[in-house]
Amino acid sequence: MAAAGFSCSAADLNPLLGANSTAAAEYICSGFDAISSKFVDTGYAIDNTYLLFSAYLVFSMQLGFAMLCAGSVRAKNTMNIMLTNVLDAATGGVFYYLFGFAFAFGAPSNGFIGKHSFALHEYPTATFDYGYFLYQWAFAIAAAGITSGSIAERTQFVSYLIYSSFLTGFVYPIASHWFWSADGWASPAASDLLFGSGVIDFAGSGVVHMVGGIAGFWGAFIEGPRMGRFDHAGRAVSMRGHSGTLVVLGTFMLWFGWYGFNPGSFLNILKAYGESGSYYGQWSAIGRTAVTTTLAGSTAALTTLFGKRLLSGHWNLTDVCNGLLGGFAAITSGCSVVEPWAAIICGFVAAWVLIGFNKLAEKLKFDDPLEAAQLHGGCGAWGIISTGLFARKAYVNEVYPGQPDRPYGLFMGGGGKLLAAQIIQILVIVGWVSVTMGTLFWVLHKLKLLRISQEEEMAGLDLTSHGGVAYEYNNGYAAEAVDQKNRFEMKSPVAF
């Protein structure tokens, strides 16, 4: 038995116990062996409990997405958008189990795609337990939830099922394999590191947020804007969601879940940095990661509050909530390797990135009801760059041990290699998602499976696709809704 530098054997104890003491020595050592095994078991239990709890937190973000999406659309599309969030989780669960996890983490594999553990075959292993699958599934469905917001209020229901299955079963897993699997060609754990560094995308500003945001961009771009979003002169018309209450509820749920998203990405907690017995270890890095996450989101919220006040003259609730989430999306890449002061800079810039992309979207007549493409795509890309600028050497070596001379942030004296790797990630994700999801949405458009008819859009998807309305304020409203549904069904067949 050996643990933490201590060993016990009968040969070691015999000289101390005197003659004919072999039996006593073996008895003592067997007791130490049992205690050591219990400590090992306890370590596994603590780490797996931490990972499972983090998975539950990340999964709770689905409720946040559902509430945020529901509050950000008009009342007549509330049931539709909430159902798509439920099905993102359900569809993603099946397809990530069958294919996605294997493509992402099935080892041994090549640098492009995983090749083992389809349907969790021969699972668990010494490397991965079931909690790891659950945690990664929660990440996969988060990417799908981002995309659903971009194409809200005008998309046929069948296309949601198709894109969600494809995204969680193939597109997202391939991207996560490249940057998170030990076999991935750009992973910081790869044997042959990209630019001697690999990409540091700790919790997924690129892998999750950019993948979901770019996919949403192509869906919204190919569909075109909602009816009435721009007037005949091309000027933007405000189409605010129906419930600020749901927006705030969803925002706080996402904020809460982000503490599983970022700190949970350490995957374990019981790990010492240096010698055992110190107050400083992975538990400290997890706490720091929670702090950087909080500061980036808080700074982005305040920056958006005052920035939009200067630009529009209003203290806007929805904009502040989106700004907060933009700060979170940005810090997700470097949350574990930057100082708290750098997280404040990251959040401040993220707010202006979101404001700038929203202005650009209006100029280009691009319509995203939840600003998901701008928020997750734009702020996620900034977060990846921010990591290449501010990653601290000591933190990089703690989180990614094994190579003492690993590059770190440009502004921290680490040269430009890490930043170069981060830029490669942005370009690769934009290209990969554009080729796959852009093509899928284009094919759905050509097959007339993507966008609903004008009559359906005017009546609302709750009536035309889901057989009712989310709210019945009074009998008159309910009667009017039923009458509108009957008029629609006389004009057009029910869509998928």
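**Cavities**

I looked for enclosed space first and found 2 cavities of 30 Å³ or more in the structure. On a 1 Å grid over the protein atoms alone, a cavity is a set of points where a 1.4 Å probe fits but cannot get out, and lining residues have an atom within 4 Å of a point. I take a volume as the space filled by probe spheres set on the points, with grid points joined across faces, edges and corners.

A note to self: this is a predicted model, where local features need pLDDT of at least 70 and side-chain atom pairs count only at pLDDT 80 or more, while totals for chains, interfaces and linings use all residues. Residues are numbered from 1 along each chain as its sequence is written, and side-chain values use heavy atoms, with hydrogens and water left out.

**The largest cavity**

I read a volume of about 90 Å³ for the largest cavity. Which helices each supply at least two residues of its lining? I noted helix 2 (22-72), helix 4 (130-150), helix 9 (317-331) and helix 11 (372-390); helices are DSSP runs of H or I with at least four residues, strands are runs of E with at least two, and both are numbered from the N terminus. Among the lining residues I picked out F65, L68, C69, N322 and H376. By class I get 8 nonpolar, 4 polar and no charged residues, where Ala, Val, Leu, Ile, Met, Phe, Trp, Tyr, Cys and Pro count as nonpolar, Asp, Glu, Lys and Arg as charged, and the others, Gly among them, as polar.

**The second largest cavity**

Here I find about 30 Å³ of space. T84, L87, D88, T91, Y160, L161 and S164 form the lining. Helix 3 (78-105) and helix 5 (157-180) each supply at least two of these residues, and helix 3 gives the largest share, 4 residues. I sort this lining into 3 nonpolar, 3 polar and 1 charged.

**The chain as a whole**

I list 16 helices and 2 strands. Of the 496 residues, 55% are buried (under 20% relative accessible area, 1.4 Å probe, protein chains only).

**Annotated spans**

I checked the unreviewed UniProt entry, which places "transmembrane region" at several spans, including residues 49-73 and 200-222; such annotations may be inferred rather than shown by experiment. In the model, residues 49-73 are 96% helix and 0% strand, with end C-alpha atoms 37 Å apart. For residues 200-222 I have 78% helix, 0% strand and 32 Å between the end C-alpha atoms.

Methods
1 Å grid on protein atoms, 1.4 Å probe; cavity = no way out; pocket = protein on both sides within 12 Å on 5 of 7 lines; lining within 4 Å. Buried < 20%, exposed > 50% of the residue type's maximum accessible area, 1.4 Å probe, protein only.
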